[in-house]
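Visitor: I am new to this structure and would like a close look at a single part of it. Could you take me slowly through the second largest pocket and the helices around its lining?

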Amino acid sequence: MAQVGEVIVGLDIGTTKVAAVIGEVTSSGIDVIGVGTSPSEGLRQGVVVNIEATTNSIAAAIQEAEQMAAVDVQSVYVGIAGGHIRGFTSLGQVSMRNREVTEADVARVIDQAKAVNIPLDRQIIHTLPLEYMIDGQGQIRDPIGMSGVRMEVRAHIITAAVTSVQNIVKCCNRAGLDVVEVVLEPVASANAVLHDDERDLGVVLVDMGGGTTDLAIYSEGSNVYTSVIVMGGHRVTQDIAHGLRTSVNESEHIKRQHGCALVSLLAQDEIIQVPGVGPRPPREFHRRFLSEIIEPRVEEILELARQELLTSGFMELAASGVVLTGGAAQMVGMTEIAEDIFQMPVRRGTPVYADGNGREIGLTEGGFASVIQDPKFATGVGLVLYGARNEPVEMHFDSAPVRHGDPGRSGLGRFVERVRSMF
């Protein structure tokens, strides 16, 4: 658990945007004191394809957040997604020396669950306990203090491609940031948008970002399944660009201003102005035509998500329904079309405030909390909450931070920094 006064930074490196959220731990929860965003130029479908462009986007977002919060950011919790993410269930078992479970016993049994053979090009980024069993008695969430001879754990192991993790860490280091921990984005988003009763009853989280759609299923308070679909809202933007014959940037603006994911929701047909490409004059289109472009692609993405969840075998655990979040979830008609496809209740997920029960650190209404009441900030806020609620996991990265072009450092300071990074 984080200490009062500690500053935690969440960095969401997405395909279309980079968002940095700075939170300060207070006695009542997390106050958001800084938010920064920047267009993302160096990622494709959640994977870094241009180190320099990604580094510049990270630096711009961090600088904006620093100016708002009036703090100097040194370390971040960074999110990761992409088609390379894999999850599986593993079992661990240990015998207890003192017949009473201690924190050391819990650490040992989790290490046993992590001791599995995985390919050399992959690394474990999360080990999420699903349940503990003591002498055959299962469904135990917190075994510390209980008595027994043998303890087992069933854990959800999440792995990522080593190169993808290293490239994200390298971009952060080149922007002058230490990476405390790499966190799977749907795990982070769940911290921000899911309620405790939804986690207990069972819920599906669909985080629809620009390049990927992240899926997570929670049941009995634990994450039992995770997956990533390599398709997101940016594909909708590209369809609009081709259908209306305009630029991608203008298509993104049109999607946000006039987009509707369900044609039947349009009571009356409106006329929208669409800028031409280059020197071509603007043209007029019906909004219904725009919706006819959007609806098939959104339906395809959500249908892929449904098929993925059905294949997992955990779909029936989601008794409370679906929570739809991410930047693409803001579009009109998204919850309605999602209800048609998933055949269960769907709500739009925005960062939620602490419920005041004192069980865990939550988001307060202080600071700039109103600014981040938007699905597109779910991952950034979730990373801050993750950092406040969890102890940092020891992770080994090959690169070290090298600060480039920091205006607050003298030439001698930068020289010393570079020499230090060599060793």
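Guide: What follows describes the pocket, then two helix pairings that involve elements of its lining.

This is a predicted model, in which local features need pLDDT of at least 70 and side-chain atom pairs count only at pLDDT 80 or more, while totals for chains, interfaces and linings use all residues. Residues are numbered from 1 along each chain as its sequence is written, and side-chain values use heavy atoms, with hydrogens and water left out.

The second largest pocket holds about 1100 Å³ of space. A pocket here is an open set of points on a 1 Å grid over the protein atoms alone, where a 1.4 Å probe fits, with protein on both sides within 12 Å along at least five of seven lines, and lining residues have an atom within 4 Å of a point. Its lining counts 47 residues, and those nearest its centre are Thr-16, Lys-17, Gly-210, Glu-252 and Arg-256. Among the elements that give two or more residues to this lining are strand S1 (7–13), strand S3 (29–39), helix H6 (233–244), helix H7 (248–258) and helix H10 (378–389); helices (H or I, at least four residues) and strands (E, at least two) are DSSP runs numbered from the N terminus. H7 provides the largest share, six residues. By class, the lining has twelve nonpolar, 22 polar and 13 charged residues, where Asp, Glu, Lys and Arg count as charged, Ala, Val, Leu, Ile, Met, Phe, Trp, Tyr, Cys and Pro as nonpolar, and the others, Gly among them, as polar.

H6 and H7 also pack against each other, at an angle of about 110° and with their axes 8 Å apart, the axes being lines fitted to C-alpha atoms over the stretch in contact and the angles running from 0 to 180 degrees between N-to-C directions. The two helices are therefore roughly perpendicular to each other, a term for angles of 65 to 115 degrees. Residues of H6 including Gly-233, Val-236 and Leu-244 meet residues of H7 including Val-248, Glu-252 and Lys-255, contact meaning heavy atoms within 4.5 Å. This contact of H6 with H7 has six nonpolar, four polar and two charged residues.

H10 has a helix partner as well: the axes of helix H4 (residues 185–193) and H10 come within 7 Å and cross at roughly 85°, so H4 and H10 are roughly perpendicular to each other. Among the residues that meet are Glu-185 and Val-193 in H4, with Ala-378 and Arg-389 in H10. The residues of this contact divide into nine nonpolar, four polar and two charged.

Conventions:
Grid points are joined across faces, edges and corners, and a volume is the space filled by probe spheres set on the points. Angles under 35 degrees count as roughly parallel, over 145 as roughly antiparallel, 65 to 115 as roughly perpendicular and the rest as oblique.
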